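Student: I'd like to go through the ligand site and the empty spaces in this one. Can you show me the structure and let me quiz you on the wording?

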Amino acid sequence: MRIGIDRIGTYIPSEVLPAEVLADAREIPVGKLKQGLGVHAMAVVPPWEDTVSLAANAALRALGDTVSVEEIGLCIVGTESGVDHSKPAAIFVHELLGLPSTCRTYEVKHACFGGTAALLTAMDWIASGSARGRKALVIASDIAKYPPGSAGEPTQGAGAVALVVSEDPALVEMDRSCTGVFAGQVHDFWRPLDQTQAIVDGKYSVDCYLEALEHAFADYARQQEGRDDADQPLSDRFARLVFHAPFPRMASKAHARMVVSDWKAHAARSLELPDDLTDLVERDAQARVDPTLWANQLIGNTYTASMYFGLAGLLEREATELEGKLLGFFSYGSGCCSEFFAGRVVAGASRVAGEIGLGEMIDRRKEVSMAEYERHHAKPDLRAMESPEKPGSHFSGPIYFSGTTDEKRTYAAQERGASFVR
Ligand code: COA
């Protein structure tokens with residue numbers, strides 16, 4: 001059975017803070033943000049947007065005019081910035097989109113791995129036969145938020161990516177026969193129940209990510225032993241490598257760690273390698289990793305969604321030349337669980353990828369000043385926001401957070417202006 005990603009919808013908040021403005025205010029060299037971290041701008045979340053509205057808006061774009069809500073039998077939201085400890089973001093999305101009452105609906109959490117956990121579960125649901133011909137709606141939605149002035153502040157961001165997962169997918173057919181997994185308990189990033197901002201041991205989290213990648217790729221490689229193309233290093237078979245990118249330079253570090261150990265292992269058998277691999281690694285990253293990072297550079301960290309923004313941006317720009325080619329994915333969630341897996345871009349994918357519209361949405365955002373960013377950042381706990389500001393004219397919506405009544409969250413759609421909450 002051919003299973004994979006049939007459609008992708010992306011959504012980002014309508015405001016943005018350029019790296020220059022943040023660097024200037026915090027008196028750090030802009031080169032550290034742009035070259036050191038790969039961050040050129042970051043999405044800023046105005047009071048009328050939250051993890052649910054981001055998810056619902058991405059989902060609307062994924063379904064478009066092509067997929068009917070009646071076709072959806074499973075809706076999973078992966079997030080680590082949910083709006084409630086008990087009630088899942090997914091059930092709000094279920095109502096906002098008008099999904100069928102027969103659609104299984106829930107939220108999953110494992111830090112930035114939640115979106116991938118949802119995707120893999122959705123594929124298993126289809127492969128098991130439980131789907132009975134229906135499709136799954138998988139949404140990764142997050143707001144990455146750190147204290148002002150902290151080392152993590154330049155690696156904030158927000159956004160959502162929704163995937164329609166189905167049989168005979170139009171975009172990427174996933175290889176379900178082999179994935180490499182690594183999981184283990186580490187305290188690199190966590191958010192205690194009473195806190196709205198994460199605690200992160202930044203440098204340690206980078207080390208944990210890289211170690212998890214080595215183990216997950218080794219698990220993948222073990223399962224590939226005896227493959228037909230063994231004369232080529234395993235990592236070279238992927239036309240592009242899409243890494244989880246909490247900040248874009250993390251993907252370059254991941255690529256270097258992966259290919260160098262893979263090339264060296266292969267060199268022991270047949271490959272001739274120069275003593276200094278720096279140039280080779282850099283050229284390879286420019287060709288196979290950089291094309292996946294342009295959107296992340298302009299949006300910032302989106303936790304569960306970051307790898308899928310990489311995929312969406314890649315397909316938007318390169319689907320035509322990638323048709324028939326294999327992509328490698330590495331997903332990492334702090335704490336930690338990680339997985340390396342692969343998928344092949346489907347012939348004809350460029351027709352669907354042409355509708356993603358991510359670049360257009362990025363260009364439409366309103367640049368905010370440092371003062372506006374700080375005002376939004378300091379907004380009170382959402383529970384207290386009985387009536388947040390209404391969306392500005394730059395809002396691309398349509399769905400927005402309209403406040404809380406008796407601790408119940410409500411959402412509305414701009415065109416209709418009516419609350420969806422019954
Ligand atoms: N011009 C160019 N590059 C510069 C620079 C300048 N003026 N100043 C510093 N840099 C480079 C550094 O050399 C470093 O590059 P390297 O990683 O290749 O060595 C990079 O910029 C970052 O500088 P560093 O001093 O390490 O940054 P930091 O102490 O502010 O921390 C993080 C960076 C990522 C650890 C921090 O932003 C963080 O905690 N983020 C949240 C956690 C996270 O995203 N974890 C990822 C794994 S899930």
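What follows is a chat about the ligand, the pocket and the cavity in this predicted model.

Student: What makes Lys253 a polar contact of the ligand?

Tutor: The cut-off is 3.5 Å between N or O atoms. A polar side-chain atom of Lys253 lies 2.4 Å from a ligand oxygen, so the pair counts as a polar contact.

Student: Which ligand atom does Ser205 pair with?

Tutor: A nitrogen: an N or O atom in the Ser205 side chain is 2.8 Å from a nitrogen atom of the ligand. Lys203 has a polar side-chain atom 3.0 Å from a ligand oxygen. Both pairs are within 3.5 Å, so they are polar contacts too. As for cover, the ligand taken alone exposes 970 Å², and the protein buries 70% of that.

Student: Which residues come nearest to the ligand?

Tutor: Lys32, Ala151, Ser205, Arg249 and Lys253, out of 17 residues around the ligand. They count as near because each has a heavy atom within 4 Å of the ligand.

Student: Which elements give two or more residues to that shell?

Tutor: α2 (30–37), α6 (202–223) and α7 (248–267). The most comes from α2, with four residues. By class, the shell has seven nonpolar, six polar and four charged residues.

Student: How do you know which pocket the ligand takes up?

Tutor: The test is that more than half of the ligand's atoms lie within 2 Å of the pocket's grid points. The ligand's space is the second largest pocket, which has a volume of about 790 Å³. Of the 32 residues lining that pocket, Ala151, Gly152, Thr155, Gly202 and Phe247 are the closest to its centre.

Student: What gives the largest share of that lining?

Tutor: α6, with five residues. In the second largest pocket, the lining has 17 nonpolar, ten polar and five charged residues.

Student: Why is the space lined by Ile12 and Pro13, among others, called a cavity?

Tutor: A cavity is a place where a 1.4 Å probe fits but cannot get out, whereas a pocket is open. The space lined by Ile12, Pro13, Ser14, Met361, Arg364, Arg365, His394 and Ser396 is the largest cavity, so a probe there is shut in.

Student: How many cavities reach the cut-off?

Tutor: The count is one cavity of 30 Å³ or more, and the volume of the largest cavity is about 30 Å³. Its lining has three nonpolar, three polar and two charged residues.

Notes
Residues are numbered from 1 along each chain as its sequence is written. This is a predicted model: local features need pLDDT of at least 70, side-chain atom pairs count only at pLDDT 80 or more; totals for chains, interfaces and linings use all residues. Side-chain values use heavy atoms; hydrogens and water are left out. A polar contact is a pair of N or O atoms within 3.5 Å; within protein, one must be able to donate a hydrogen and the other to accept it, and residues adjacent in sequence count only if both atoms are side-chain atoms. Accessible areas come from the Shrake-Rupley method with a 1.4 Å probe; for residues, only the protein chains shown count as cover. On a 1 Å grid over the protein atoms alone, a cavity is a set of points where a 1.4 Å probe fits but cannot get out, and a pocket is an open set with protein on both sides within 12 Å along at least five of seven lines; lining residues have an atom within 4 Å of a point. Ala, Val, Leu, Ile, Met, Phe, Trp, Tyr, Cys and Pro count as nonpolar, Asp, Glu, Lys and Arg as charged, and the others, Gly among them, as polar. Grid points are joined across faces, edges and corners, and a volume is the space filled by probe spheres set on the points.
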